Amino acid sequence: MRHRMNVYFPPELLKQIADLADRKNLSRSAIVEAAVASFLSPDGADRREAAFARRLDRLSRQVQRLERNVGIAIETLALFVRFWLTVTPPLPPDAQAAGQLKGRQRYEGFVEALGRRLQKGQSFLHEIPEDVDSDPPLNADTLGSEPSDQPGPSREL
């Protein structure tokens, strides 16, 4: 014998139930009954725990990727700033205005180039191999210690 029960669902959940019922060619009540039976079954807790574990694992990997990307961005910025401060000589007082104008022009060009690059979907982080952690970490102290065969500014930071 079956007993009647009235339940209320949010509209988006009701739409999902109706879509699944249509795809499986079953009644909505059969879908809900199966879902409740699955939820109450003895192994239901194990399945829910496994689903939570999969979600947590996926989130953990996303967090690791985000931490890696943020770490790369911070190291890149720090290395660039250190390099820039090291190789850029101060301007004499009479050239300050021209230097500021040139700086604004360069900054505007930089922002435009960055916008074009991002619009194309290009990312500096995609250029860095995933297995970069297997090598010894590069930082500003170790980067400048390698000899350079190429002429130009000193790599010593």
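In the predicted model, helix H1 comprises 14 residues, residues 11–24. At 1.5 Å a residue this helix should span 20 Å, and the end C-alpha atoms lie 20 Å apart, so the expected and computed spans agree. Just after H1, Asn 25 adopts a positive phi of about 60 degrees.

Four salt bridges were counted in the model. One of them lies within H1, where the side chains of Lys 15 and Asp 19 meet at 3.3 Å, N to O. Lys 15 and Asp 19 are four residues apart in helix H1 and are therefore separated by about one helical turn. An α-helix has 3.6 residues a turn, so residues three or four places apart point the same way. Lys 15 is classed as exposed because its relative accessibility is 53%, whereas Asp 19, at 32%, counts as partly exposed.

A salt bridge is also found in helix H3 (residues 44–87), formed by the side chains of Arg 61 and Asp 57 with an N to O distance of 3.2 Å. With a spacing of four residues in H3, Arg 61 and Asp 57 are likewise separated by about one helical turn. Arg 61 is partly exposed, having a relative accessible area of 40%, and Asp 57 is assigned to the partly exposed class at 41% relative accessibility.

A further salt bridge joins the side chains of Asp 43 and Arg 47 at 3.4 Å, N to O. Asp 43 has a relative accessibility of 40% and is therefore partly exposed; Arg 47, at 40% relative accessibility, is partly exposed as well.

Technical notes:
Residues are numbered from 1 along each chain as its sequence is written. This is a predicted model: local features need pLDDT of at least 70, side-chain atom pairs count only at pLDDT 80 or more; totals for chains, interfaces and linings use all residues. Side-chain values use heavy atoms; hydrogens and water are left out. Helices (H or I, at least four residues) and strands (E, at least two) are DSSP runs, numbered from the N terminus. The expected span of a helix is 1.5 Å times one less than its number of residues. Buried means under 20% relative accessible area, exposed over 50%, partly exposed in between (1.4 Å probe, protein chains only).
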